[in-house]
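Good morning, and thank you for the opportunity to present. Please keep the sequence and the structure in view while I speak.

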Amino acid sequence: MQTKTLFETFAVIKPDLSVTTKNLSDSIYQELDDEFSSFKGHSLVSAHEFNENWQSWEKHPAGDEIVILLSGQCELIIRFDKKQQQRILSQQGDYVVIPKNHWHTARISTPTRILFITPGQGTQNTTTPF
């Protein structure tokens, strides 16, 4: 078994809690939807590097998302009804649980690496600010 990183290969947790991996590609999210029944009952474990603020907001109607800081610093902005709350992640291992169906985005202040555990089914994105 070859060792890979979550920056090059995502891990998919299936409904029976077995795990399969998927190599990154330009069409990774479409491939995940196609291969895993629109991600129904699945969760995605992934890691990303960020050098600038997120350009969009997202929400996950299928469940809570866990966001874990690996390095760097970021401010997560979570929308609760018509109010926004900020959560600063500044030390390795800091994490936040983003509640199901809540819009969120991030401000990046320094090169940052983040680990995500995401219930992928029905994920929505928007570039429209609130």
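I shall go through the strands, one histidine, the pocket and a few residues in loops.

A word first on the basis of the numbers. This is a predicted model, in which local features need pLDDT of at least 70 and side-chain atom pairs count only at pLDDT 80 or more, while totals for chains, interfaces and linings use all residues. Residues are numbered from 1 along each chain as its sequence is written, and side-chain values use heavy atoms, with hydrogens and water left out.

Let us begin with the strands. Helices (H or I, at least four residues) and strands (E, at least two) are taken as DSSP runs and numbered from the N terminus. Two strands are said to pair if DSSP finds at least two bridges between them.

Strand β1 (residues 9-13) and strand β2 (residues 19-23) run antiparallel and are joined by 5 bridges. In this pair, Phe-10 has Lys-22 of β2 as its bridge partner. The two strands form a hairpin with 5 residues between them, and Leu-17 in the turn has a positive phi of about 70 degrees.

Strand β8 (residues 104-119) is joined to β5 by 11 bridges, and the two run antiparallel. Within that pairing, Cys-74 stands opposite Ile-108 of β8. Strand β8 is also joined to β3, again in the antiparallel sense, by 8 bridges. Here Val-45 has Ile-117 of β8 as its bridge partner.

Strand β5 (residues 65-80) also pairs with β7, antiparallel, over 4 bridges. Val-67 is matched there with Val-96 of β7. As a general point, in a regular strand the side chains alternate between the two faces of the sheet. Strand β7 (residues 95-98) has a covered face, made of Val-96 and Ile-98, and an uncovered one, made of Tyr-95 and Val-97.

I turn now to His-104, which is placed in strand β8. Is His-104 buried or exposed? His-104 is buried, because its relative accessible area is 0%; buried means under 20% relative accessible area, exposed means over 50%, and partly exposed lies in between (1.4 Å probe, protein chains only).

What does the side chain of His-104 make a polar contact with? Its partner is the side chain of Glu-65, at 2.9 Å. A polar contact is a pair of N or O atoms within 3.5 Å; within protein, one must be able to donate a hydrogen and the other to accept it, and residues adjacent in sequence count only if both atoms are side-chain atoms. In addition, a polar atom of the His-104 side chain lies 3.0 Å from the backbone oxygen of His-102. Leaving out residues up to four places away in sequence, His-104 touches several others, including Trp-54, Trp-57, Glu-65 and Ile-98; contact means heavy atoms within 4.5 Å.

In the same strand, Ser-109 counts as exposed, because its relative accessibility is 56%. Ser-109 and Phe-50 are 59 residues apart in sequence and 9.5 Å apart in space, C-alpha to C-alpha.

Next comes the pocket. By class, the lining of the largest pocket has 8 nonpolar, 13 polar and 3 charged residues. Here Ala, Val, Leu, Ile, Met, Phe, Trp, Tyr, Cys and Pro count as nonpolar, Asp, Glu, Lys and Arg as charged, and the others, Gly among them, as polar. Among the elements that each supply at least two residues of this lining are α1 (28-35), β3 (43-50) and β8.

Finally, some residues in loops. Pro-61 is found between β4 and β5 and counts as partly exposed, because its relative accessibility is 26%. Leaving aside neighbours within four places in sequence, Pro-61 is in contact with residues including Lys-100, Gly-122 and Gln-124.

Most residues other than glycine have a negative phi. Ser-37, although not a glycine, has a positive phi of about 50 degrees. Ser-37 sits in the loop between α1 and β3 and is exposed, because its relative accessibility is 55%. Asp-81, also not a glycine, has a positive phi of about 55 degrees. Asp-81 lies in the loop between β5 and β6 (83-89) and is exposed, because its relative accessible area is 74%.

That concludes my presentation; thank you for your attention.
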